[in-house]
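Trainee: Got a minute? I'd like to go through this one with you, starting at the ligand.
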Amino acid sequence: MAFPATRLRRLRRTGALRSMVRETRLTPENFVYPLFVCPGKGVRKEVRSMPGVFNLSVDESVKEAQEAHSLGVPALILFGLPEKKDEVATGAWDENGIVQRAARAIKAEVPEMVVIGDVCLCEYMSHGHCGVVKPSSPRPLGAAVASPPIAGTEYEIVNDATLELLARTSVSLARAGIDIIAPSDMMDGRIAAIRKALDEARFENTPILSYAAKFASAFYGPFREAADSAPQFGDRRSYQMDGANIREAMREIALDIEEGADMVMVKPAMPYLDVIAAARERFDVPVAGYQVSGEYAMIEAAARNNWIDRDRVIMESLTSIRRAGASIILTYYAKEAARLLA
Ligand code: PBG
């Protein structure tokens, strides 16, 4: 018997053989394309830390939706840059909010497109947090307020008051024609609150894609520039998850499914592929992975220096997310990857 007995390389000899035995396939149908909608007309403003990603006015986002549709990308997720921010996130639930207007315009022009609404308050709050902020009380009389204030001691992100605003936002998005509600705030109990509000408003058929395991990640940096949503003080660690915790991620996902989530997301994707794989193994709902802004920015930066082969890294990164078990991939490369796959 020849040695070695097992020759795995036999099936790697040609492109045709490799393709025949390929275990994981990407198609544009896997992709969700994020858009950042801003006020104005004819606006296409590139995000500095995300070359190739733009803030788009409503008319421009319709064009982008048409292009994505023609490339076979089935879904968009919308983020909004409102005209004004305040302490109750009016722009998030206003019937004439920026995302509501974009959703109506896109659904009118490209009705087949699945339009997902990201539900969070950070883009619409003057302080940039994902929930309602209250000073912690009682604060010791005359106690100095640190600058910046410290979470848990000087202010808190109030859970239940936030739920009401998230529910209101979700119903207003559904009214504007949004097909799927995707809460990304990480408050406790939000899926139940949103499900109840949607049902009461007769949107029983509107699914919820929960950002169930969303980690407090430094990979969101460029997004906060794109969506102008950086917290003005403190950070998001009192509501987003600690990156070290996979068992807690399973609890988050289990609770969200119990509360009524139809699909669950793990975010970011590449640094948390193990969490995607564990979620796929354990739960039977569709699992989504979000290739976030920092993952995109790293690839772009390295490619600009000619340090990596951009197209191959894009496809390899997306394939890894698919292989880990995500059937839905949110990616800024949606259009581009669809082109590469054509
Ligand atoms: C809103 C939200 C964020 C992202 C999606 N929804 C930012 C954050 O939590 O700070 C990040 C997406 C990305 O980085 O591409 N809460």
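Mentor: Sure. Keep in mind that this is a predicted model. Start with Gln240: an N or O atom of its side chain is 2.8 Å from an oxygen atom of the ligand.

Trainee: And how far is the side chain of Tyr332 from a ligand oxygen?
Mentor: For Tyr332, an N or O atom in the side chain is 2.6 Å from an oxygen atom of the ligand. Arg224 also puts a polar side-chain atom 2.6 Å from a ligand oxygen.

Trainee: OK, and how much of the ligand's accessible area does the protein cover?
Mentor: The protein covers 100% of it, out of the 400 Å² that the ligand has on its own. As for where that is, the ligand sits in the largest cavity.

Trainee: Which residues come nearest to the ligand?
Mentor: There are 18 residues around the ligand, and Lys214, Arg224, Lys267, Ser293 and Tyr332 come nearest.

Trainee: What's the shell like by class?
Mentor: Ten residues of the shell are nonpolar, three are polar and five are charged.

Trainee: Switching topic: how many aromatic pairs are there in the whole structure?
Mentor: The search turns up ten. One to look at is Tyr296 with Tyr333, a tilted pair with 4.6 Å centre to centre and 40° between the planes.

Trainee: Where do those two tyrosines sit, Tyr296 and Tyr333?
Mentor: Tyr296 is in helix H10, residues 293-304, while Tyr333 is in the loop between strand S12 (328-331) and helix H12 (334-341), so the pair ties together parts that are 37 residues apart in sequence.

Trainee: Now the backbone. Is the peptide bond from Lys267 to Pro268 cis or trans?
Mentor: That bond is cis, with omega near -10°. Most peptide bonds are trans. Pro268 is placed in the loop between strand S10 (263-267) and helix H9 (273-282). And you've met Lys267 already, among the residues that come nearest to the ligand.

Trainee: What about Ala89, is its phi positive or negative?
Mentor: Positive, about 55°, although Ala89 is not a glycine. Most residues other than glycine have a negative phi. You'll find Ala89 in the loop between strand S4 (75-80) and helix H3 (90-93).

Key: Residues numbered from 1 in each chain as written. Predicted model: local features only at pLDDT ≥ 70, side-chain atom pairs only at ≥ 80, totals over all residues. Heavy atoms only, no water. Near = heavy atom within 4 Å. Polar contact = N/O pair within 3.5 Å; in protein donor to acceptor, adjacent residues only side chain to side chain. Areas by Shrake-Rupley, 256 points an atom, 1.4 Å probe, with all protein chains shown as cover. 1 Å grid on protein atoms, 1.4 Å probe; cavity = no way out; pocket = protein on both sides within 12 Å on 5 of 7 lines; lining within 4 Å. Sits in = over half its atoms within 2 Å of the grid points. Nonpolar A, V, L, I, M, F, W, Y, C, P; charged D, E, K, R; others polar. Phe/Tyr/Trp six-rings, centres within 6.5 Å; stacked < 30°, edge-to-face > 60°. Helix = DSSP H or I, 4+ residues; strand = E, 2+ residues; numbered from the N terminus.
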